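Subject: Handover of a structure

Dear colleague,

Please find below the structure that I am handing over to you. My notes on what was found in it follow directly after.

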Amino acid sequence: MKQPEIPISPSKYIKRYLKRCITGPISLLMGLSVTLRYFFNPKRIITEQYPENKKTLKMHPRYRGCLELIEDENDENLCTACGLCEKACPNASINILKTKNIAGKKVLGQYLFHLGSCTQCGLCIEACPFGAIRMNQEFELSSESVDSFDLILNKKEGRG
Amino acid sequence: MSSRKLPPGFREEVLDSDTEEYFVNMGPQHPSTHGALRLALRLDGETIVEVVPHFGYIHRGIEKQAESMNYLQYIMLSDRQDYLTAIQNNWGICLAFEKGLGIGVPERGEFIRVMLAELGRIASHLVFYACFGGDLGGQTALLFGFKEREMIHDILDEVTGSRLTTNFFRPGGSVHDIPDTFIPRVTSFLEHLEKSMVDYERFLSKNIIVLERTKGIGILSKEDAIAYGCSGPVLRASGVSYDVRKNDPYGIYDQLDFDVPITYRGDTYDRYVVRIAEIHESIKILRQCIKLFPEGPYRSKEKPSIRLNPGSYYSATETAKGLYATYVVAASGDKPYRIHTRGPSFANLAALNNMARGHKISDLVSILSTIDPVIPEIDR
Amino acid sequence: MMIPSVPHPLGDWVRQMIPIPELAFLANALICIIAICAVAIGSAPILIYMERKVCAHIQCRLGPMRLGYRGTLQTIADVMKLLFKEVYAPSGADKFVFYLAPMIVLVAPFLVLAMIPFDHNLQVSNLSVGIPFVIAVNGFGILAILIGGWASNNKYSLLGALRSGAQMISYEISFALVLLFVVMVSGSASLMEITLSQSGTILDWWIFKIPVLGFLAFIMFFISSIAELNRAPFDIAEAEQELTGGYHTEYNGTAFAMFYLAEYINLITISSLASTCFLGGFFPPLIGVEAVDTILLKVPGFLWFAGKVVLMIWAYMMVRWTFVRPRVDQLMALEWKFLLPFNLLLLALGAVYIAF
Amino acid sequence: MGIMNAVPGILDPIPGGKHLVNMLDYVTNWARANSLWPLTYGTSCCAIEMMSSSMARYDIARFGSEVFRASPRQADLFIIAGTITEKMAPALQMLWEQIPGPKYAIAMGACTISGGPFMYDNYSVIRGANTLIPVDVFIPGCPPRPEALFHGLLTLRDKILSETFRDPWKEGIVIDKPYPDRWSEATKAWEELEKIKDEEMAEARLKFKEEQPGYKSPYKALRVAKEVFPEIPHQPKPLIGLPANTIFSIIKKNFPSVSPFDNDPSEPALMARPSDMPLDVLVSKEEYVDLIQFLKEDPRTHLDYLIDVTAVDWIGHFDVITQLMSIEKGHKLFIRLSLPKDDSIPEENRATSLLAAMPSIYHLYPAAEWKEREVFDMFGIHFENHPDERRLFVDEDFKGYPLRKDFTHPHILKRPV
């Protein structure tokens, strides 16, 4: 499976040989000029130093981090436990656990969120008709145990 | 020799009986197989006699899973196919859904789509530049390519909310409108990119070692390129001018003025040149879009639940890798009956054996990187 | 035999203290060995740190930053971690040869270092056949790579070793021829003599002394020494993208650390050789202006020597992080089609230069 | 490490030896925690973010981890970046075994924690990397940002710094259960709690009803006003290449038995076909190859480019759709072959046997080789004269054909909602 060798005349060969002797080093020097320029110009460094820049590091407002319920200062949420987000979620990462309040009405008992399987697609937020959930800007979520990824998002039972 | 049983997949007869051939496995974990691809090599010394790719190391059953998801949820899975240009996959899927729903996209929505898709194309080609340089042994090129790509992903992050898996387009438009900062950011990015590309091209394009290693290597003839179903830059480098954006336009590509870069030798270097030229074409498209960017609604009316009219729908888009075709079979209900996607990498990789035969292992690496495959798109 | 032949104060002191000449000789030799090892091994982590910083700055990033001031302790942590790692040989490997290779790999650079004159009185041994000795010993490193690759029982390692063998044997020729050129023009094979022949101003260094030819010879030396060093862009034996690590694919822990350190110690030796043969060794770059020269002369010679070595190493690093790797056959073609003819031509022109 | 692990036993009883051991601990942990060399391993999206994290903007080198080793023997850290499939799992385990200890693993992304997007209704994805190798740190996200990876690295660093020679590094435990269906588990547990609560609350609720019979909650959930968007109909792009009726008349002349699949064969109906929907013709098995050969060679149609070969399982039969295109003219044609399922195979073997056969078009389009293999692999349709008919994506000994509608697999977890 050798590639066929294309026959080439000696004069052409020598011409090409000499040409390469001259253009080759020039092309290499051109490459070297780029790296030298980059080496001697520390302004080009674009590194963001993550743990050190924690204070100034801000995610964009649309960034999809971890799901959270929108709560007011009394920890009251807007969720009506309609279950649309649950249905919209592609891999059942949201558990709406309903309960009955004292008046016998179905309200949100627990808003359980399985971060371990969440894919941050944002479909739940699009599905919510009440604007009760959002994705926050949190990204420092790593943990040593899988069980810590089951989050209860609501602090209080839903109103209803 | 002939009595020895060849491993599965190999089929060529032994040609050179003087030397002992041996078999080497490249992958599934190997620094230059671009993911979980396994290449079984049949070598004669360092010369490749035959390459047999083995797939499925990242086969995630996306097509099966799609049958139990609704249409909207499937868009999320399309991100995970060609993750380098997830945004273009979103578009391809949404095009097919729009045909089934009979809805269109307002003009502003189309512009948003084109701009994000072209940004995605630049990002993907920059990753190609990076991997190409890296696979040739120049680690610095690897970092150069990613440097500008980060800026694109920062823009995508701001617009879509995620760096890679954007999940941004919906049938009829997109999830959000673009933020006000988008246009100025893209403008300044394009200026920066053009400046950097001068450096980057100087760094690799004329370098004699690169030329020596790529010119005349991995030649894919025009006929073979068509026969193997190659598409995208691989096809265009072989002298076939087929670009879905030009030859079968979708979106607003028929209103934009751009060229389809094409070269004729079909070797590794040409594929590199085509991709670099495509970056410049994408810059041109983006500049036009910025100039023409209209006001108005960014999406058409949302449907409460997406149910396609029963039937089968086909859409073709040009992603950075090539022809990305979606075939949706819809029955009643809100779930697709079957979704099949034709990933460009799958067909492009089919030509690998043809290209790599008779070359050295080092060439195989550079040929593979100019095919620029994304393995999850192949395995799905 | 390494004989501390050049009289130096420490040697004299040892000879005074130990009356038996054989014992004094042994003591002197021991001191030299320890000193060389300490300097070479001690500077290897510094060089690794330097390499990581240089490549980071070329690539617009920062490099190690978090350990010590701007990451200065990073390589120390690396080396210590490697020492505390599990060590095992792959099944099917030839265990004895497998562990022998990383030990051999360090021998060659140390032997070469023994020949290098760091200062007027700072040389382990002043052999009259210095250059032939260096050439002979330097080929020793290839042995380690060859047997290491072979003993690993891995096709990638073997391929790497074979590539390396072919490469080293080819480039040894032009490496030797360039050194021969230096021997020819300076009229001595002793490294001390070569250095002393470059005394005077900066224009008396061999790189500048012979117009054009000296510089060409230096470039030739530079190219062939990169191949000798097995460094990128000529690192086809390692070729991470192709062979996942080549000859040292199967090495881990301490054994790998040896290969890792050897690469940098080799860098020191070759750079020392370059500055000895071409850059005036320990002589300061005098420019012929008295006021400046007196200041320059105040700096001790070994510091000048170290400075030149660092400069050379920096050049090697810049080249490494700039160029892509040629293919195996192209590397051979470069040697046999370009470097060797040029070298022979250079040798002939050198002879003409001496004759006239 | 055997010798070092004996150190505390020897030194601790000696006065002052405790401090020595602590010092040794500190030094080794310091070295290990700050010099984590990752293995170059990545399968999908997360691998790209891992690469990004080593690039100029984020620069993992600041942590001393830019030394990505291609060989597992020199690595310390296994960043499992990307989905793990059943086919990849043995390779992954082998890589882990090849890393010399002390070694650490970071599971990056939702796929490695739970299977992520591929958790439910999936037959090939392993749910949780910790079922294969012991994982130290999990990073959620799909994919996690580079900063999140750094946070994971720092978490791991803290974990390493807490090791001592008294309790030295040892290989962790691999759990034997995949990531469970937490949704169903939680729902079940909640239901039981609810039952108890209902019982407990019954009285109070009755009392409440008696006290406030017409009680209405003062709270009313407000719907977020949705933006109104115009309704825009779909506008097909202008036709490219030959129109459907022309193609069909060319076919009809030579192959009279061919009929359009989802269209009226009459001329006006074909003319009215939307321009962006290629013509779909139904062909018999006998004429299939001949028709394709004719269409490829006829200069009018010149369908020289194979887009794809795919199939659909309609419970009773398979439809195999061959999608062809003409590169220079641009028109497309779908050729559909309806294959009845082989009824002679007994019920218990149907799932694992090939149920239909059709001719291969490999000799016309080399591209068809892998496409047909994929159809064979996914649907169990045999291609006659195919050069290399092996499983493509799944293992050679995989039972069943995944894309059939009646496919079942023990690993499949049904999505509960």
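B:Gly311 has B:Ala330 as its bridge partner in β7(B). A further bridge to β7(B) links B:Tyr314 with B:Tyr327. Both pairs should be read in the knowledge that this is a predicted model. In total, eight bridges hold β6(B) and strand β7 (residues 323-330) of chain B together, and the pairing is antiparallel. The two strands, β6(B) and β7(B), form a hairpin with four residues between them. Within that turn, B:Gly322 has a positive phi of about 145 degrees.

The hairpin belongs to an open sheet of three strands, whose order in chain B is β6-β7-β8 and whose pairing is antiparallel. At the edges lie β6 (311-318) and β8 (336-342) of chain B, each of which pairs on one side only. On average, neighbouring strands of this sheet are turned by 15 degrees against each other, with direction ignored. Is β6(B) mostly covered or mostly uncovered? It is mostly covered, since seven of the eight residues of β6(B) are buried. Helix α3 (residues 86-101) of chain B lies across β6 and β7 of chain B and runs at about 150 degrees to β6(B).

Two other places in chain B deserve a note. The first is B:Asn167, in the loop between α5 and β4 (169-170) of chain B. Although B:Asn167 is not a glycine, its phi is positive, at about 50 degrees. B:Asn167 counts as buried because it has 29 C-beta neighbours inside 10 Å. The second is B:Asn25, which sits in strand β1 (residues 22-26) of chain B. With 14 other C-beta atoms within 10 Å, B:Asn25 is partly exposed. Apart from its neighbours within four places in sequence, B:Asn25 is in contact with B:Arg38 and B:Ala40. The C-alpha atoms of B:Asn25 and B:Leu39 are separated by 6.0 Å, while the two residues stand 14 residues apart along the chain.

Turning to chain D, I would draw your attention to a pair of helices. Helix α3 (residues 45-53) of chain D and helix α6 (residues 146-161) of chain D have axes that come within 9 Å and cross at roughly 80 degrees. An angle from 65 to 115 degrees counts as roughly perpendicular, and therefore α3(D) is roughly perpendicular to α6(D). Which residues meet where these helices touch? From α3(D) come D:Glu49, D:Met50, D:Ser52 and D:Ser53, and from α6(D) come D:Pro146, D:Leu149 and D:Phe150. The residues of this contact divide into four nonpolar, two polar and one charged.

Two loops of chain D also contain features of the backbone that you may wish to look at. In the loop between β3 (137-139) and α6 of chain D lies D:Pro143. The peptide bond that joins D:Cys142 and D:Pro143 is cis, with an omega of about -10 degrees. D:Asp59 is placed in the loop between α3 and β1 (77-81) of chain D. The phi of D:Asp59 is positive, about 55 degrees, although D:Asp59 is not a glycine. D:Asp59 has 29 C-beta neighbours inside 10 Å and therefore counts as buried.

The contacts between chains come next. Chain D and chain B meet through 67 residues from chain D and 66 residues from chain B. On the side of chain D that touches chain B, at least two residues are supplied by each of α3, α4 (89-98), β6 (305-314) and α11 (368-379) of chain D. By class, this side of chain D has 39 nonpolar, 13 polar and 15 charged residues.

Chain B also touches chain C: 25 residues of chain B are in contact with 21 residues of chain C. The elements of chain B that each supply at least two residues to this side are α4 (107-136), α5 (139-160), α7 (208-214) and α14 (361-371). The side of chain B that touches chain C has eight nonpolar, ten polar and seven charged residues.

Finally, a word on confidence. For the complex, the predictor gives an ipTM of 0.88 and a pTM of 0.90. The average pLDDT of chain D is 84, and 99% of the residues score at least 70. Where pLDDT is low, the predicted coordinates should not be read in detail.

With kind regards

Terms used. Residues are numbered from 1 along each chain as its sequence is written. Chains are lettered from A and ligands numbered from 1 in the order in which they are written. This is a predicted model: local features need pLDDT of at least 70, side-chain atom pairs count only at pLDDT 80 or more; totals for chains, interfaces and linings use all residues. Axes are lines fitted to C-alpha atoms, for helices over the stretch in contact, and angles run from 0 to 180 degrees between N-to-C directions. Angles under 35 degrees count as roughly parallel, over 145 as roughly antiparallel, 65 to 115 as roughly perpendicular and the rest as oblique. Two residues are in contact if their C-beta atoms, placed from the backbone, lie within 7 Å. Ala, Val, Leu, Ile, Met, Phe, Trp, Tyr, Cys and Pro count as nonpolar, Asp, Glu, Lys and Arg as charged, and the others, Gly among them, as polar. pLDDT is the predictor's confidence in each residue, from 0 to 100. Two strands pair if DSSP finds at least two bridges between them. A residue is buried if 20 or more other C-beta atoms lie within 10 Å of its own, exposed if 12 or fewer, and partly exposed in between; C-beta atoms are placed from the backbone.
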